[in-house]
Amino acid sequence: MGAQWKAKHKDLAANAKGRLFGKLAKDIMIAARHGADPAANARLRLVVEQARKVSMPKDTLDRAIKKGAGLTGESVHFEHVIYEGFAPHRVPVMVECLTDNVNRAASDMRVLFRKGQLGTSGSVSWDFDHVGIIEAEPAAAGADAEMAAIEAGAQDFEPADEEGVTVFLTDPTDLDLVSRALPAQGFTVLSTKLGYKPKNPIDPASLSAEALEEVEAFLAALDDNEDVQNVFAGLGG
């Protein structure tokens, strides 16, 4: 599953595209609190680049920036909340939420985790590393991911998946620095974010096909929730 769980082919569905834009808009509004100019706001620049790469409409992008920066007169207040627990079959899960209603998010998580187990703070996070996550693809054939990771200052990398996307992992404080360095090493950055990488991922092959489907369905239900930004699961592969 890599450092972040992703629903299979989720980007092909129109409703999933809408959810993606909604989540990116939240990230943009949070980043824009520190200034509406991407050139002077590294965090905003990275999220704006990600939004453009998935073809977020310019009006939606501009509105999110202005709203987050307080230029529209609207009040924007999102709280960042992490929920920890287990999916079915004891797969550890970290759920990152950005919500304007903590009570609603907490209630939703209690319901969603009925098919798993909602844990207390620290019950699962000890088994994850907090890292910077960069998704990138080679700009030209022959780009060497291992050499790029070394030269750009990444801590580690995960080889390209079937879609040709390589994941570079960094210290959280080095995320922007490494993302800026990768293009010179032959890689085009697709997305950047802070997240969680499992220390002891469960091998999906150790689960039956039925069990894996149950885990996938549980993670997909979490990802569909309006307050959920990211889902990190302790699955390998």
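**Glu96 and the empty spaces**

Hi everyone, let me start with Glu96, which is buried (under 20% relative accessible area) yet has no salt bridge, meaning no side-chain nitrogen of Lys or Arg within 4 Å of a carboxyl oxygen of Asp or Glu. The nearest side chain of opposite charge (Lys and Arg count as positive, Asp and Glu as negative) is Lys193, 6.5 Å away.

Please keep in mind that this is a predicted model, where local features need pLDDT of at least 70, side-chain atom pairs count only at pLDDT 80 or more, and totals for chains, interfaces and linings use all residues. Residues are numbered from 1 along each chain as its sequence is written, and side-chain values use heavy atoms, leaving out hydrogens and water.

Back to Glu96: it sits in strand β2, strands being DSSP runs of E with at least two residues and helices runs of H or I with at least four. Its side chain makes a polar contact of 2.6 Å with that of Asn230; such a contact is a pair of N or O atoms within 3.5 Å, one able to donate a hydrogen and the other to accept it.

Now the pockets. A pocket is an open set of points on a 1 Å grid with protein on both sides within 12 Å along at least five of seven lines, and lining residues have an atom within 4 Å of a point. The second largest pocket holds about 560 Å³ of space. It is lined by 22 residues, and those closest to its centre are Asp27, Arg43, Leu175, Lys193 and Leu194. Among the elements giving two or more residues to this lining are α1 (14-32), β2 (91-99) and β8 (228-233).

Thanks, everyone!

Definitions and conventions. 1 Å grid on protein atoms, 1.4 Å probe; cavity = no way out; pocket = protein on both sides within 12 Å on 5 of 7 lines; lining within 4 Å. Points joined across faces, edges and corners; volume = space filled by probe spheres on them. Buried < 20%, exposed > 50% of the residue type's maximum accessible area, 1.4 Å probe, protein only.
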